[in-house]
Amino acid sequence: MVANINRVRSTNDLELQDRLVAINRVTKVTKGGRAFSFSAIVVVGDGKGVVGWGLGKASEVTAAISKGVESAKKNLVKIPLVHGTLPHEQTASYGGAKVFMKPASHGTGLTAGGAMRAVLESVGVTDVLAKSKGSSNPHNLVKATMAALCELRDAYIVSQQRGITVDKVFNG
């Protein structure tokens, strides 16, 4: 799902902020009664193009959140941003969740809801038009949003991959 090109190797020099996307209480019925546990999906990012997500499960909420943060720090990727927005339109899906993201001009703001908003804020996107279609399951929405972000390519990356100059990417 995530290309190795975008992986962030070291988190030592990054100031990461975590956002809790969703907490889910899970009940397991056993012979002795009900056993409660919690799962938390967390997104971490530096607001400058680095983001990761993680899932933590534990018998207490705080432990689940901290496990999710640790998991998210292991899955960091670098996303190309252009002046606070995306380089181009992108769609992606994961499970039943489908996402569509479109770059917007400065001053538009972040037009996204729920789990998509948490991911895009963590990346550092300030202007974008986004829409989620299909399932609103936060787990699948986060994964679909991350898949869409990981497929983004700016002009510099495209020129490197094609072996041409950046001017030829635009002028053809």
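**Fold and sheet of a predicted protein chain**

The protein chain holds five helices and eight strands; helices (H or I, at least four residues) and strands (E, at least two) are DSSP runs, numbered from the N terminus. This is a predicted model, in which local features need pLDDT of at least 70, side-chain atom pairs count only at pLDDT 80 or more, and totals for chains, interfaces and linings use all residues. Residues are numbered from 1 along each chain as its sequence is written, and side-chain values use heavy atoms, with hydrogens and water left out.

Me: In what order do the four strands of the open sheet stand?

Reply: The pairing in this open sheet is mixed, and two strands pair if DSSP finds at least two bridges between them. β5 (90–94) and β7 (110–111) each have a single partner strand, so they stand at the edges. The order is β5-β6-β8-β7.

Me: Over how many bridges do strand β6 and strand β8 pair?

Reply: Strand β6 covers residues 97–103 and strand β8 residues 128–134. Proline 103 stands opposite valine 128 in β8. The two strands pair in the antiparallel sense, and the number of bridges is seven.

Me: Which strands does helix α3 touch?

Reply: Helix α3 (residues 138–150) packs on the sheet, contact meaning heavy atoms within 4.5 Å. The strands touched by helix α3 are β5, β6 and β8.

Me: What share of the residues of the protein chain count as buried?

Reply: Buried means under 20% relative accessible area (1.4 Å probe, protein chains only). Of the 172 residues of the protein chain, the share that counts as buried is 38%.

Terms used
Axes fitted to C-alpha atoms, helices over the stretch in contact; angles between N-to-C directions. Buried < 20%, exposed > 50% of the residue type's maximum accessible area, 1.4 Å probe, protein only.
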